[in-house]
Amino acid sequence: TVINKPFHLSFYQFIVVSFHILKYSIEKYSFLFPNKLYNNFASKFQTEGIYMKLLIINPGSTSTKVSLFEDENLVFEESIFHDAPELLKYPHVNDQVPMRKKLILHMLTDHNIDPSEIDAYVGRGGSAYTQPSGVTFIDKRLYDDTVAGVGGSEHPAKLGVMIAYELCNEFGGRMYTLNPTNVDELCDLARLTGIAGVYRTA
């Protein structure tokens with residue numbers, strides 16, 4: 001008897017799989033990317049013996065989970081727990097960015113990792129306008145919308161985008177978010193609630 005079990009990927013596994021798809025796409029369809037940035041991106045993947053380093057940042061209500069990958073290989077994974085009295089010092093969730101960023105940099109130092117050698121920062125996100133699922137490049141508009149909380153939510157997951165944006169601008173590399181809390185792909189029919197003027201969001 002064969003029992004079909006549901007297949008699940010963790011947040012970090014999904015990131016690695018997504019970047020391997022990106023890597024394959026760039027190699028296979030490099031002729032579609034005349035821009036120098038994409039050519040450099042592709043050439044790095046095609047250089048034998050060079051791995052893509054991904055720093056994954058997943059802020060939560062009481063912790064910040066951080067992982068470093070070299071391609072699909074996990075280098076380290078740690079969780080930094082934040083005491084409630086410490087978090088209560090910050091009037092707004094956005095005010096936690098410098099503190100959490102500093103702890104992440106200390107963690108990298110403890111593991112002898114130079115932030116300038118990281119190829120991509122991937123932060124959990126949220127609080128911006130709704131967006132599709134999957135991997136999204138973090139640009140200035142997404143960053144500003146996240147900071148402003150235009151999506152109406154102030155979950156600490158939004159700090160992933162903000163921290164990734166600051167680290168990338170400080171040390172270089174690329175910045176992405178993946179399946180943030182503001183993903184909404186409902187079809188129009190699924191938004192009906194049965195109450196006039198009231199519609200469902202994901």
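**Salt bridges, helix 5 and aromatic pairs in the predicted model**

A salt bridge joins K101 to E166, with 3.5 Å between the closest N and O atoms. This pair links distant parts of the chain, as K101 belongs to helix 4 and E166 to helix 6, 65 residues apart. The structure analysed here is a predicted model. K101 has a relative accessibility of 14% and therefore counts as buried, the limit being 20%. E166, by contrast, is partly exposed, with a relative accessible area of 26%. The bridge is also part of a network of salt bridges in which K101, E166 and E170 are linked.

The structure contains eight salt bridges. Side chains of opposite charge can pair when their charged atoms come close. One of the eight is formed by K53 and E117, whose closest N and O atoms are 3.3 Å apart. K53 is located in strand 1 (residues 53-59) and E117 in the loop between helix 4 (97-110) and strand 4 (120-123), so this salt bridge ties together parts that lie 64 residues apart in sequence. The two partners differ in accessibility: K53 is buried, at a relative accessible area of 16%, whereas E117 is partly exposed, at 43%.

A further salt bridge connects K158 with E154, and here the closest N and O atoms are 2.7 Å apart. K158 has a relative accessibility of 0% and counts as buried. Its partner E154 is partly exposed, with a relative accessible area of 36%.

K158 is also among the residues in contact with T146, a residue of helix 5. Beyond its neighbours within four places in sequence, T146 contacts G126, S127 and A128, as well as K158, V161 and M162. T146 is buried, with a relative accessibility of 1%. Its side chain comes within 2.7 Å of the backbone oxygen of L142. An α-helix has 3.6 residues a turn, so residues three or four places apart point the same way.

L142 and T146 are both in the set of buried residues of helix 5, together with Y143 and D145. Viewed down the helix axis, the buried residues of helix 5 fall within an arc of 165°, so they line one face of the helix. They pack against strand 5 (135-137), helix 6 and strand 6 (174-178). On the face turned away from this buried side, helix 5 carries the exposed residues R141 and A148. Immediately after helix 5, G149 adopts a positive phi of about 65°.

The loop that runs between helix 5 (140-148) and helix 6 (159-171) includes A157. A157 is buried, its relative accessibility being 3%. With residues up to four places away in sequence left out, A157 touches P59, R124, G125 and T181. The C-alpha atoms of A157 and G123 are 8.3 Å apart, although 34 residues separate the two along the chain.

Aromatic pairs were also examined, and two were counted. In the pair of F137 and Y176, the ring centres are 5.9 Å apart and the planes stand at 75°; this angle is over 60 degrees, so the pair is edge-to-face. F137 lies in strand 5 and Y176 in strand 6, so the pair ties together parts 39 residues apart in sequence. F137 is partly exposed, with a relative accessible area of 45%, while Y176 is buried, at 10% relative accessibility.

The rings of Y143 and Y165 have centres 4.0 Å apart and planes at 15°, which is under 30 degrees, so this pair is stacked. Y143 is in helix 5 and Y165 in helix 6, so the contact between the rings ties together parts that are 22 residues apart in sequence. Both Y143 and Y165 are buried. Y143 is thus one of the buried residues of helix 5, and helix 6 is among the elements against which those residues pack.

Terms used
Residues numbered from 1 in each chain as written. Predicted model: local features only at pLDDT ≥ 70, side-chain atom pairs only at ≥ 80, totals over all residues. Heavy atoms only, no water. Helix = DSSP H or I, 4+ residues; strand = E, 2+ residues; numbered from the N terminus. Buried < 20%, exposed > 50% of the residue type's maximum accessible area, 1.4 Å probe, protein only. Contact = heavy atoms within 4.5 Å. Polar contact = N/O pair within 3.5 Å; in protein donor to acceptor, adjacent residues only side chain to side chain. Salt bridge = Lys/Arg side-chain N within 4 Å of Asp/Glu carboxyl O. Arc of directions from axis to C-beta. Phe/Tyr/Trp six-rings, centres within 6.5 Å; stacked < 30°, edge-to-face > 60°.
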